[in-house]
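Visitor: Could you walk me through this one, step by step? I'd like to know how to read it as we go.

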Amino acid sequence: MDEQTIILGISIAYLAVMLGIGVWANRRMASAKEFLVAGQSLGFFVMAMASFSSIQSGWGMVGATGTTSSWGIGAFVAAALLPPLGFTLAWFLLGGRLRAIAQRHEVYSIPDIVRVRYSSRSAHFSMSVAMIIGAIGYMTAQVVASGVIMSLLLGISLGTATLLGALVVAAYTIAGGMLAAVWTDLVQGILMIAMSVVVFVVALGVGGGWGSTMATITASDPDLLALDGVKPAAWIGANAIMILLGVVAQPQLIHKFLMLRSSRELKWGATVAAIGYATTTLFSLGVGLGTRAAIADGRMAEPGVVDDTATSFLDTFTSPLVAGLALTALLAAIMSSASSFITIGASALTRDLMSSLGLRIRHELAWNRVASLAVVAAALYVGLYLDQIIYLLGAIGWAAFAAAIFGPVVLGIYWRRGTGVATTVSVVVGLGLNIVLTLLTSAGWTPPPTFFSGGVVVCAGILVYIGVSACTRSAADRERFDGLYPAAAPPGPDRVASTSQPLA
Amino acid sequence: MYSSATGQARVDRFVAVFALLLVIALVGMLTGHAALVIAPISLLALTLTLLAVLGPDNRWPDRATLFLVCVFHTVSIALWAVALGAIGDETPAFAGMPLSTGILTLVAWPVYALLGGPVYAFCAVRSGLVADVASGRAGAT
């Protein structure tokens, strides 16, 4: 068999498995509850694997590989260092509380959480709109990334590949909803972990080992290994803050907490998700640095486009079998995130937006499927309009979610003084700032090299929520907070009676 | 543990510290001052973790939970402090990398990936974060 046949066979087998899971999930699809939160039936392993694989996306694997090669180790520190800590924080901050809220109220989405937490229709409406915009923004990065990979896998044009990739993920998600999304996420997560380890070892071998790779890069340009190097340290720090707070506030992760069958399933989830995610970042670390070393000693040409780094490396240094599996793993990373965002966007367009307007839709499951298609179509359109590299496209969606969600949802379920007015204002400010900065950049505005818009948007959005909450008191919102959790917490088997006294 | 309407003064203080750290980071981002952006990172994580482990009526958790959280984040803060202090020195000093990136990539990253989850598992059991809070669903709102 020739190289293209091997790669084609692997990719067709992978796509067939994904579609098969979609068909299986479709047979179990009886209501919107199955479509949106997988029937609240997940155990910890499936949930944790689905969590990390839906967070690890085309942005993290294709985009970050290109930026690690171009901008050096600083790009890795910016994007890949803190997600494992972010997962731990997410479990600490949200795990138990969201499960408790899901037991007390009927919540299938983030706007649902806002609805039960605040006595404000505008807050519910604005969060629904934020979910729609953020889902389309994040989907755009996945659509562009899937086009790059599918064109290589199938040997077709970029435009056709982009359309085909979007159609496949839309097909199994529309058929099987979140149930299909989490089970395909599990398969995709295992594939991503396995291939990231293999490719990391291959990439180190290409550079002659870790020490030799570092020495080659240092001799070429020491800035590539410095914290204050190709990208300024302030830019890297701002990116890291966006990532850290953003992991906690990504809807594809928050949704997973609403899908657990029991609070007991939380205990080891953070460990599985953090280790799983960190293992997959070996891909961008190894290939990014391996590519840079290979370019420095003349064994590889600089890719024409930053986003082609991973594919160029695989094409140059790996066998067709490894390249096919690795490209399929990249496609898995893209599709695992895309499927989550399709259902999140669909939920926001139908259930959340309509209920925030006081409207009730009939045939919710059918409308969710129609809305899923609309989200994919919008992402395709935006992907063709915006001329950004994958990493920056992903950062736009990531920052939009973090700015809109962190204050109202993450702080709001702890802080009684949080208000619906603050939720509305922070969502508007966070989204508005994000859109304005994106449009300014597209129009040719060049910010200072230390300025990273994603970090600014996230910090500003959260600060606006805190500031406006402090200025706008609402007795109704406080009453909602008091009714947020079940009234009593009877001891469960996992609850260990503490023998030590509280410190206060 | 979730009937947290009481003890909100402590939550207010955590939110105020969190906001202050964000303001410092935002000033750093707008002025391009790296130390102002990087220094708050590990402190933000500590503040949020302490907020999460507050017990019933927002009281401090038991000593074992508090101790483990503080040890984990003290290590984290120390690693970021070393990295921050070594910015600007590009001499290969740590597995072929400058000290700043070497300590973050080869020490902090594995610490976060391998130890963060077990710290949560321990604290969650000790403080009841994984306890079932009700046997059945209450009425929808």
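Guide: Let's start with a rule: two residues are in contact if their C-beta atoms, placed from the backbone, lie within 7 Å. Helices (H or I, at least four residues) and strands (E, at least two) are DSSP runs, numbered from the N terminus. Residues are numbered from 1 along each chain as its sequence is written, while chains are lettered from A and ligands numbered from 1 in the order in which they are written. This is a predicted model, where local features need pLDDT of at least 70 and side-chain atom pairs count only at pLDDT 80 or more, but totals for chains, interfaces and linings use all residues.

Visitor: What ipTM does the predictor give the complex?

Guide: Two scores come with the complex. The pTM is 0.90, and the ipTM is 0.93.

Visitor: What is the mean pLDDT of chain A?

Guide: pLDDT is the predictor's confidence in each residue, from 0 to 100. In chain A, 94% of the residues reach 70 or more. Among its elements, α2 (residues 32–37) has the lowest mean, 72, and α11 (residues 233–248) the highest, 96. For chain A itself, the mean is 86.

Visitor: And over which residues of chain B does pLDDT stay under 50?

Guide: Chain B averages 88, with 89% of its residues scoring at least 70. Where pLDDT is low, the predicted coordinates should not be read in detail. In chain B, the stretch under 50, for which the model has 20 contacts beyond four places in sequence, is residues 132–141.

Visitor: Which pattern does chain B follow along the sequence?

Guide: Count the elements: chain B has four helices and zero strands. Read from one end of the sequence to the other, the pattern is α-α-α-α.

Visitor: How do α3(B) and α4(B) lie, roughly parallel or roughly antiparallel?

Guide: Two packed helices are described by the angle between their axes and the distance between the axes. Axes are lines fitted to C-alpha atoms, for helices over the stretch in contact, and angles run from 0 to 180 degrees between N-to-C directions. For α3(B) and α4(B) the angle is about 170°, with the axes 10 Å apart. Angles under 35 degrees count as roughly parallel, over 145 as roughly antiparallel, 65 to 115 as roughly perpendicular and the rest as oblique, so this pair is roughly antiparallel.

Visitor: Which element gives the largest share of the side of chain B that touches chain A?

Guide: Across the two chains, 74 residues of chain B are in contact with 82 residues of chain A. On the chain B side, the elements giving two or more residues are α1 (8–31), α2 (34–52), α3 (63–85) and α4 (99–127). The largest share, 18 residues, comes from α4(B).

Visitor: How many residues of that side of chain B are nonpolar?

Guide: Ala, Val, Leu, Ile, Met, Phe, Trp, Tyr, Cys and Pro count as nonpolar, Asp, Glu, Lys and Arg as charged, and the others, Gly among them, as polar. Of the residues of chain B that touch chain A, 16 are polar and eight charged. The nonpolar ones number 50.

Visitor: Is A:Ala460 buried or exposed?

Guide: A residue is buried if 20 or more other C-beta atoms lie within 10 Å of its own, exposed if 12 or fewer, and partly exposed in between, with C-beta atoms placed from the backbone. A:Ala460 is found in α19 (residues 453–471) of chain A. Not counting residues up to four places away in sequence, A:Ala460 touches A:Val429, A:Gly430, A:Leu433 and B:Leu26. With 20 C-beta neighbours inside 10 Å, A:Ala460 counts as buried.

Visitor: Why is α14 of chain A largely enclosed, and how many of its nine residues are buried?

Guide: Among the buried residues of α14(A) are A:Phe313, A:Leu314 and A:Phe317. The buried residues pack against α4 (58–71), α8 (121–154), α9 (158–206), α13 (269–296) and α15 (320–356) of chain A. This helix is largely enclosed by the rest of the structure because, of its nine residues, the buried ones number seven.

Visitor: Which element gives the largest nonpolar core its largest share?

Guide: A nonpolar core is a set of buried Ala, Val, Leu, Ile, Met, Phe, Trp, Tyr and Cys residues joined through C-beta atoms within 7 Å. The largest one has 239 residues, and those with the most contacts inside it are A:Leu330, A:Ala402 and A:Cys459. Its largest share, 23 residues, comes from α9(A).
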